[in-house]
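Subject: Handing over a structure, with notes on what was found

Dear colleague,

Please find the structure below, and keep it open beside this message while you read. The notes that follow go through it one part at a time.

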Amino acid sequence: MQSLSVSSFCKRGVLLALGILLASGSHAQQQDFSKVKIEALKVRDNIYMLVGSGGNITLQIGADGVLIVDTQYAELSDRILAKIRELSKGPIRYIIDTHHHADHTGGNAKLRAAGMTVSGGNVGGDIADAGAGAQIIAHENALLHMTAPPAAGQPAIPSAALPTLTYFTPKKDLWFNGEGIRIMYEPNAHTDGDSIVYFRQSDVISSGDVYVTNQYPFIDIANGGSIQGIIAAANNIIDLIIPVYGQDGGTLVIPGHGRLSDIGDVINYREMLTIIRDRIADMIRKGMTLEQVKAAKPTQDYDPRWGASSGFWTTTQFVEAVYKNLSTAQGK
Amino acid sequence: MMKLFRFAIALGLYAGVAVAQPPGPGPQGPATGKAAAPHDITGYWVAVVTEDWRYRMITAKAGDYPGINLTPAAQLVANAWDPAKDIAAGNVCKAYGAGGLLRLPTRLHITWASDNVLSIETDAGKQKRLFKFGAAQDGAGAGTLQGVSKARWDLQRERAFGPVVNGTLEVVTTQMAPGYVRKNGVPYGEGAKLTEYYETVKEDNGEQFLIVIANLEDAANLAQPVLTSTNFKREPDGKKWDPSECTAK
Amino acid sequence: MNSLIRSVLLLALAAGSCLLSSAAMSEKNLAGVWVGTYSEDWPDRFPGPELGDYAGLPINDADRLRALSWSASLIALPEYQCRVHPSDYANSFADIRLWEERDPITEKLIALHLQHFAWQTRRTIWMDGREHPPEYAQHTSMGFSTGQWDGQVLTIHTTHLKEGWLRRNGAARSDKATVTEHFIRHGDILTWTVVVNDPIYLEEPFIRNRDYRYSVDNQVANYACDSVVEMVRAPGYIPHHLPGTNEDVKIFAETHGIPYKAAMGGAATMYPEYIKVIRSLPVPSPR
C-alpha cells in the first residue's frame, strides 16, 4: 500500500486549491451575466433573500437604513441596487462579508459606494471618510485573503472593495434596525475567514457558504477550509435554531447558495457531511489510498442529490478534499 | 296555485331524471354499459405491487394475516391452512376467487364481451370475471369462484345539467363460492359481498393507473370488512401477458 | 302575483332537480373526520417496517445505500424526535380531518385543509389556481399543494417538500421529489392515492394507496411532542452504519424466507414477472 509523505500531500493540496482559486476567479469572468435576473424572496417582515448569480444576498431593511450580507458579482451590482431600491429607499449602512470569495464580495465596491457610513450632523464633516460609503464588516482573515498577492494574471482587489471593519474574536455584535445582530466566526470551515450572521429578533441566520443546499460544500483547503470546520459550523447553526413545532419554520437560514431553509434542511446537510466524513475517516484508518477511497464511492448515496461530475466543484474534488483534510488531521 | 306547484315539481323531477341518466340513445331506451362508459377501461393492465408485498408476491405462512380481523371461527380455519389439503380436495384455485383475485400479482385483460358485459381476465390463474350491466344481469355464475357481478356506471357531472366529466365503475359481487382473501388461507364464505369501485387516473408523465377499491364483507368470517385499494398500470399491449395455472401456495 | 308564480316555479324546479341529480355530484365533499383502515400493509404501518425490507419499492442503488446505512438510533437525537411525517408518508397511519375554506361572498372554494393526528400536522391544498413558489423558496414537510377536480377525483400536485422517506426504515425520499395525489370518495370510503416522482432516488414513480372510513363522531386528537435528551452523546454524533456492516438488515429476509435480493427492492420487484425471479433465487436460512 503506497503512502504519501505529509509534505507531498500538502504540495498537492495547495496546487489543487490554487487551481480552484484560479477557477473561482476566472469563473466569474467567463460567466454570462446578461440574462441574470435578481429576485427577492421575503423571509421576514424586514428580511429578504436576493438570488441572482453567485451567493445569496441577505437584506435587512428598516428605519436605520439597509444592511446587506454578501454582494455577489460586481457585474450584477446595478441590478442588485435596483432591487434594493424597490424594497427600501434607505441608505446602505453596512455590508457584511461572510467570507472573501468573489461570488460573495464582487459587488463590495459598488454597493459600498452607494451607501454611507453612520454619521451626520455637525460631526459629519469632522470624520474624514464620513459619507465615503457603507461599512464593510468581515473577519480579519477574509481581509487578509483579499489583500494577499493575487494569483498570476489576476488583478488585485481594489481598496474600495475591501472590508473596512474587521474582527478577530469569536463574535462581533451590532444593533441595527431595531434588532441585535451577532456576527459569529466559524473557524476553518469553508475558509478560515467565515462569518455567519444571526438576526436575533427577525430570527434569521445568514450562513454564507458553510451551509449550502445546491451541492457538496466547497472546502477551500488552500484558504484554511476543512470538513471538520464545516460540520462544526452546521452544528453551531443547529444549536442557534429554535424551530417551530413540526420544524417547518422558526429560525430560518439563508444559505450561501440554494434555497431558504429551516432546521430540517440544516440537519439533513449535517447528517450527510458527518456520515461521509465518518466513512472516509474509517477508510483512512484502514490504510486506504485516495484512489482506493474514490473507487469505494463513499458518497454514492448522496451523489445524485449533492454531487456534480463537471463544473466548478465536483464530487471527486470534494472527496479528495475530505480525504486530504482527514489524512492531515490523522497525521498521515 | 297548487296545480301550478304540482306542475313545477313534476317538471323538476323530469329534469332531475334527465340529469341522472347516463348519456345514450334517448328515444331507444337506456344506454348500454359500453355506450355509457365515460372512459375506456379496456386493454392490458399490470399489477403494481407496492403494498402487502410479502403477502402477495410470496405466500405467507399460515396464521400470518395482520390487519385482517377474522371471527373466531375463521381464525381456526386460517390458522390451520394447509395448501396440500386444498390441492387434494381440488381447491387449488381457492385464492383466485373474486374476493382475492385482484390482489394477486397478475395482469388484467379487460374487454367488452358484449354491449352490456365487461370481461376481466387475469393471466394469474387464468380466471375470468364478467361484469354485467342492466338487462344482461341474469344471475349466471352463482356458486362459482367469481360469483355474480352486477355493474353500473356512476357518472359525474360538474353541474346539474352539464355534460359527463368522469365516472366510476361500480361492481357488486355476491354468490361467490368460498375462497381466500389472502392466499395463505384467510377465508371468506358464500355469504360474502364484494363491492368494488374502478377508477382510472392519468399522471403527468402519461402513465395511466387503474385503482380498484374493494370492500369485502362477510359476517361469518370477517369481524370487520376488508377494505383494500389495488393499483394497476396500463400497458400498451399484451406482449407480457403470461397465463399460468393456479397454485395453492 | 307574477313574481310570486315565478318564485314558486323556480323553487319547485330546483327541489325536483335536487331529488334525483344531487347524487351525481355529492361525492366532491370530502369534509369531515376520516378514520384510517388497516387491511393493507398493517405491519409496515403500525409496528413499522422491518430493517432490510425494501421489497416493492422502486428504489435505486443510491437509496438502497442510504437505507442500509440508516440507524434507528437517529430518532433518539433531540433534533430528530419531533420531526413530522412528510405529507406523502403521513397517510400510513392515524386519522385525518378535512375541511373547506370558501370565499364568504362567492362560495368559491379557495382551499382544502387537512389535519393529521401524527404531530398535528396541518396542510393546505390550494384550489384557487395559484402558482407554486419559486424553487428557492422554503421547502416544508407538507410541501406546497395545489388541487383540481376531475369528476369526483381530486388530483393534487405537491412541490417544495423537504427530504422525507418512502418507508420509515431508512428508505429516503429526496427534496427534489414531486408528488401527485388522488383523493377519491365513495360513500363513506375515502381512498388516498400517493404517487411519488423522485428523480434522485427512484427508478420509477412509486404509487401507494391508503383507505379511510367516514366517522360521524371521531375527533382527531392533539399530539404533543417535546424534545428531550434521552442519551448523553458526544456533540455532533450521528448514528449510522458504515457500508456493509449492518448485519441486522438480513433479519427480514431470513425471518420470512425471502431472497436477499428481493428484499433489497428495485422497480422490478413491483411486477408479477418478478415471482419467477424470486423462485430462482436462493432463500436464506431462518436465523
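A good place to begin is a pair of residues in chain A, where Arg44(A) has Ile47(A) of β2(A) as its bridge partner. Please bear in mind throughout that this is a predicted model. The two strands to which this part belongs, β1(A) and β2 (residues 47-51) of chain A, pair in the antiparallel sense over five bridges. In general, the strands of a sheet pair through backbone hydrogen bonds, and the pairing may be parallel or antiparallel.

The first sheet of chain A

If you follow the strands outward from that pair, you come to an open sheet of seven strands in chain A, with the order β1-β2-β3-β4-β5-β6-β7 and mixed pairing. At its edges stand β1 and β7 (165-167) of chain A, each of which has a single partner strand, so that one side of each is left without a neighbour in the sheet. On average, and with direction ignored, neighbouring strands of this sheet are turned by 20 degrees against each other. Helix α2 (residues 77-87) of chain A packs on the sheet, where it touches β1, β2, β3 (57-62) and β4 (65-69) of chain A, and its direction makes about 35 degrees with that of β3(A).

The second sheet of chain A and helix α6

Chain A also holds an open sheet of five strands, in the order β8-β9-β10-β11-β12, and here too the pairing is mixed. Its edge strands are β8 (171-176) and β12 (252-255) of chain A, each of which pairs on one side only, and the twist from one strand to the next averages 20 degrees. Within this sheet, strand β10 (residues 194-199) and strand β11 (residues 204-208) of chain A pair in the antiparallel sense over three bridges, and Val197(A) stands opposite Ser206(A) in β11(A).

Helix α6 (residues 227-240) of chain A lies across β9 (179-186), β10, β11 and β12 of chain A, and it runs at about 10 degrees to β10(A). You can check the length of this helix yourself, because at 1.5 Å a residue the 14 residues of α6(A) should span 20 Å, and its end C-alpha atoms are indeed 20 Å apart. Which residues of α6(A) are buried? They are Ile227(A), Gly229(A), Ile230(A), Ile231(A), Ala233(A), Ala234(A) and Ile237(A). What covers these buried residues of α6(A) includes β9, β10, β11, β12, α7 and α10 (315-329) of chain A.

Where chain A touches chain C

Between these two chains, 28 residues of chain A are in contact with 30 residues of chain C. On the chain A side, the elements that give two or more residues are β1 (39-44), α6, α7 (263-285) and α9 (303-306), and the largest share, 10 residues, comes from α7(A). The residues on this side of chain A divide into nine nonpolar, eight polar and 11 charged.

Chain B

Chain B has five helices and 11 strands, and 47% of its 249 residues count as buried. Strand β11 (residues 226-235) of chain B has seven of its 10 residues buried, so it is largely enclosed by the rest of the structure. Strand β1 (residues 43-47) of chain B pairs with β11(B) in the antiparallel sense over four bridges, and Trp45(B) stands opposite Arg234(B) there. Strand β10 (residues 208-217) of chain B also pairs with β11(B) in the antiparallel sense, over eight bridges, with Ile211(B) opposite Asn231(B).

Two residues to look at with care

Most residues other than glycine have a negative phi. Asn177(A), however, has a positive phi, near 50 degrees, and it lies in the loop between β8 and β9 of chain A. Is Asn177(A) buried or exposed? It counts as buried, because it has 22 C-beta neighbours inside 10 Å and the cut-off for a buried residue is 20 or more. Lys126(B) likewise has a positive phi near 50 degrees, in the loop between β3 (117-122) and β4 (127-133) of chain B, but Lys126(B) is partly exposed, with 13 other C-beta atoms within 10 Å.

A word on confidence

The mean pLDDT of chain A is 89, and 86% of its residues reach 70 or more. Over residues 1-28 of chain A, however, the pLDDT is below 50, although this stretch has 33 contacts in the model beyond near neighbours in sequence.

With best wishes

How values were computed:
Residues numbered from 1 in each chain as written. Chains lettered and ligands numbered in written order. Predicted model: local features only at pLDDT ≥ 70, side-chain atom pairs only at ≥ 80, totals over all residues. Pairing = 2+ DSSP bridges. Axes fitted to C-alpha atoms, helices over the stretch in contact; angles between N-to-C directions. Contact = placed C-beta atoms within 7 Å. Nonpolar A, V, L, I, M, F, W, Y, C, P; charged D, E, K, R; others polar. pLDDT = per-residue confidence, 0-100. Buried ≥ 20, exposed ≤ 12 C-beta atoms within 10 Å, placed from the backbone. Expected span 1.5 Å × (residues − 1).
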